[in-house]
Amino acid sequence: MLAPAKLQQLHALIEQSTSEEWLWMSGYLAGLAKGNDTAQLPPAVSKATANGTVTVIYGTETGNSKKVATTLAGKLKQAGRKTKLVAAEQYKLQQLSAEETVLIAISTQGEGEPPANAKALYDYLHQLQTPLQGLQYAVVALGSKSYPLFLPGWY
């Protein structure tokens, strides 16, 4: 789909980027594709933030999100990042505002509801009145293609 010159530029950018930058780029591009014209470039990342702890939170009914989160945490550790892996029901919600980087791996259950162990986290995030300034985050969302409203191509 891309012209050869653009594809070459994209490959060059990917080669010189970290896996964390890939995560950010994918979310940024997904936002643009959905018509989010308020998407902004993130502020420059300081060395302190780049070396801070990455908290990986998972919410799951069947264990699939836990597998994804565990793999992700392992890859971050291999890349030299301090990583904390925690189940959603064990995460202290008040701590979220003090985090630098959070990755959430979460699945759905039933008709698209959050898993039972992540209900408190889900409610907390949807009731926040103030944005979490400076929080870098990404969400890995797992779902099932067997549901009528599943969006193919976004998995």
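How many residues does helix α4 have, and how far does α4 reach from its first C-alpha to its last? This is a predicted model, in which local features need pLDDT of at least 70 and side-chain atom pairs count only at pLDDT 80 or more, while totals for chains, interfaces and linings use all residues. Residues are numbered from 1 along each chain as its sequence is written, and side-chain values use heavy atoms, with hydrogens and water left out.

Helix α4 (residues 64-78) has 15 residues and reaches 21 Å from first to last C-alpha, close to the 21 Å expected at 1.5 Å a residue, the expected span being 1.5 Å times one less than the number of residues. Helices (H or I, at least four residues) and strands (E, at least two) are DSSP runs, numbered from the N terminus.

The table sets out the two sides of α4, where buried means under 20% relative accessible area and exposed over 50%, with partly exposed in between (1.4 Å probe, protein chains only).

| State in α4 | Residues |
|---|---|
| Buried (under 20%) | S65, A69, L72, A73, L76 |
| Exposed (over 50%) | K67, K75, K77, Q78 |

The buried residues lie on the same side of α4 because they cover an arc of only 100 degrees around the axis, the arc being that of the directions from the helix axis to the C-beta atoms. These buried residues pack against α2, β1 (54-59), β2 (83-87), β3 (101-107) and β4 (136-142), with contact meaning heavy atoms within 4.5 Å. After α4 comes G80, whose phi is positive, near 90 degrees.
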